[in-house]
Amino acid sequence: RILDHALTATREGLDETRRALKDLRASPLDDLGFTLALRNLASSSAERGGLTLNMEIADALPAYAPEIEQAYYRVAQEALDNVLRHAEAHTITVKLAQTGTQLRLTVADDGMGLPVDSEDADAQFGIQGMEERAALIGGTLTIDTYPDVGTTVVLHSNNVKLAT
């Protein structure tokens, strides 16, 4: 059983490394643009996890500064990866909308929620990374989680910079 667990962890680590290397070589943001890249990320994550996807991404969003798009994309990526790895969810919801000068990303699931006393280093590292990305763009990251109800990750920032 320990060997099976080690092999599974090794395979997952290799898959994660391959995805990271692919992301470094050809950025989906550069290839597809922000909203299409985010839609593709959400769709492929739902497909990989066999989850139902509720997606609300506004069609007519402006182009944002590269650091804004990168931060939002990477937070969405980490939140979706966390759902697939830990949540045991059936449904994920991904929303992106701009209201006035505020841009808001929401990634929610109907899974088991985050354990309050979690010592999972990967989960803590992922949350820390999301918080750091939010701080870099002057944004705010909130995570609401309830046992057996799910987790909601929200990234929002005011006065988002547009691409020049």
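**Exercise 1.** State which residue follows H4 and what sign its phi has.

Solution. Helices here are DSSP runs of H or I with at least four residues, and strands are runs of E with at least two, numbered from the N terminus. H4 is followed by Glu88, and the phi of Glu88 is positive, near 55 degrees. The model is a predicted one, in which local features need pLDDT of at least 70, side-chain atom pairs count only at pLDDT 80 or more, and totals for chains, interfaces and linings use all residues. Residues are numbered from 1 along each chain as its sequence is written, and side-chain values use heavy atoms, with hydrogens and water left out.

**Exercise 2.** Check the span of H4 against the expected value and describe its burial.

Solution. The expected span is 1.5 Å times one less than the number of residues. For the 22 residues of H4 this should give 32 Å, and the end C-alpha atoms are 30 Å apart, which agrees. Next, take buried as under 20% relative accessible area, exposed as over 50% and partly exposed as in between (1.4 Å probe, protein chains only). By this criterion 16 of the 22 residues of H4 are buried, so H4 is largely enclosed by the rest of the structure.

**Exercise 3.** Find the aromatic pair of the structure and classify its geometry.

Solution. Rings of Phe, Tyr and Trp (its six-membered ring) pair if their centres lie within 6.5 Å; planes under 30 degrees apart are stacked, over 60 edge-to-face, the rest tilted. A search of the whole structure finds one pair. Phe34 and Tyr64 form it, at 6.0 Å centre to centre with 90 degrees between the planes, hence edge-to-face. Phe34 lies in helix H3 and Tyr64 in the loop between S1 and H4, so the pair ties together parts 30 residues apart in sequence.
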